Amino acid sequence: MGAYFVTATGTDIGKTFVSACLLRHWRAAGLSPDAFKPLVSGIDPDDPTGSDPAALIEAMGLDMTPETLDRVSPWRFAAPLAPNMAARLEGRLVPYSAMLAACRRRITDAKGPLLIEGVGGVMAPVDDGATVLDWMAELRLPGILVAGTYLGTISHILTAVEVMRARGLSLSALVLSETPGGTVPPADTIAALRPFLGDGPPILHLPRLPSGCFTHVSVTALADFLFF
């Protein structure tokens with residue numbers, strides 16, 4: 001079964017939106033997808049409604065319970081900061097080794113498509129000595145890179161791709177998650193990127209759609225490409 005690491009060029013770009021769309025699509029296709037976002041910051045400990053873990057849980061068709069929340073995102077911090085900074089405010093540390101071990105168990109136990117979702121962008125700190133890139137390099141999963149459609153995204157995308165390639169990481173797909181109010185047509189961004197990315201990875205544009213996003217042609221193409 002396929003397992004992928006979902007990362008992005010920055011924070012609030014659309015990782016969870018893309019992950020949720022894929023999960024809904026795979027469920028509709030009769031598969032048993034799973035998602036694991038082990039670290040999350042900026043979550044209300046008393047009310048996770050509207051959080052990234054809540055979106056993933058809903059997309060998998062599960063009820064929001066303490067058990068499902070712990071299963072999807074076991075390490076949660078309240079401050080909307082990088083995990084190591086948010087943890088420090090609570091007198092805690094990010095358990096990096098335990099997190100890696102938990103990811104590896106989920107990969108081994110997966111019965112269908114599995115998405116492991118990172119935090120922030122590719123170079124965001126995870127703990128005081130490791131970034132998301134280090135996390136990805138430890139797991140060696142193929143990556144799904146999510147980027148926006150704002151002015152300047154091309155530089156951010158090429159930087160992220162370059163550092164991933166430098167670490168020998170494979171990139172299965174680049175998804176342009178539409179930026180609200182973006183001024184650059186996604187088709188123009190794709191055309192500008194292609195000479196720098198060569199024959200791969202596939203580049204897809206995903207408009208910001210409501211909860212039925214799994215019906216969009218880009219989600220269908222991406223989900224089928226990744227799983228089959």
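Asp12 counts as exposed, at 75% relative accessibility; the cut-offs are under 20% relative accessible area for buried, over 50% for exposed and in between for partly exposed, with a 1.4 Å probe and protein chains only. The place of Asp12 is in the loop between strand 1 and helix 1, where helices (H or I, at least four residues) and strands (E, at least two) are DSSP runs numbered from the N terminus. This is a predicted model, in which local features need pLDDT of at least 70 and side-chain atom pairs count only at pLDDT 80 or more, while totals for chains, interfaces and linings use all residues. Residues are numbered from 1 along each chain as its sequence is written, and side-chain values use heavy atoms, with hydrogens and water left out.

The backbone at Asp12 has a phi near 55°, a positive value in a residue other than glycine. Most residues other than glycine have a negative phi. Arg140 also carries a positive phi, near 60°. Arg140 lies in the loop between helix 6 and strand 8 (143-147) and is partly exposed, with a relative accessible area of 45%.

Asp12 also leads to the largest pocket, as Thr11, Asp12, Ser41, Asp52 and Gly120 lie nearest the centre of that pocket among its 24 lining residues. A pocket is defined on a 1 Å grid over the protein atoms alone, as an open set of points where a 1.4 Å probe fits, with protein on both sides within 12 Å along at least five of seven lines; lining residues have an atom within 4 Å of a point. The space in the largest pocket is about 470 Å³, a volume being the space filled by probe spheres set on the points, which are joined across faces, edges and corners. Helix 1 (15-28) and strand 3 (39-41) are the elements that give two or more residues to the lining of the largest pocket. Eleven of the lining residues are nonpolar, seven are polar and six are charged. In this division Ala, Val, Leu, Ile, Met, Phe, Trp, Tyr, Cys and Pro are nonpolar, Asp, Glu, Lys and Arg are charged, and the others, Gly among them, are polar.

The second largest pocket holds about 160 Å³ of space. Its lining includes Ser32, Pro33, Asp34, Met60, Leu62, Arg71 and Arg106, and by class the lining has four nonpolar, two polar and five charged residues. Arg106 has a further role in the geometry, lying over the face of Phe36 at 4.4 Å from the ring centre. A charge sits over a ring if NZ of Lys or CZ of Arg is within 6 Å of the ring centre and within 35 degrees of the ring normal.

From the pockets the description turns to the interior. Strand 1 (residues 3-8) contains Phe5, and helix 6 (residues 132-139) contains Trp135, so the pair formed by these two rings ties together parts that are 130 residues apart in sequence. The structure holds one aromatic pair, and in it Phe5 and Trp135 are edge-to-face, at 5.0 Å centre to centre with 90° between the planes. Rings of Phe, Tyr and Trp (its six-membered ring) pair if their centres lie within 6.5 Å, and planes under 30 degrees apart count as stacked, over 60 as edge-to-face and the rest as tilted. Both partners are enclosed: Phe5 is buried at 1% relative accessibility, and Trp135 is buried with a relative accessible area of 0%.

Thr7 lies in strand 1 as well and is buried at 0% relative accessibility. Not counting residues up to four places away in sequence, Thr7 touches Lys15, Gly121, Val122, Val132, Met136, Ile144, Leu145, Val146 and Met164, contact meaning heavy atoms within 4.5 Å.

Helix 2 (residues 52-59) has Pro53, Ala54, Leu56, Ile57 and Ala59 as its buried residues. These buried residues pack against helix 1, strand 2 (34-36), strand 3, helix 3 (66-72) and strand 5 (114-117). Just after helix 2, Gly61 takes a positive phi of about 75°.

Two further buried residues lie in other helices. Asn84, in helix 4 (residues 83-89), is buried with a relative accessible area of 12% and touches Val94, Pro125, Val126, Asp127 and Asp128, not counting residues up to four places away in sequence. Leu222, in helix 9 (residues 217-227), is buried at 4% relative accessibility. Leaving aside neighbours within four places in sequence, Leu222 is in contact with Leu22, Ala173, Val175 and Leu204.
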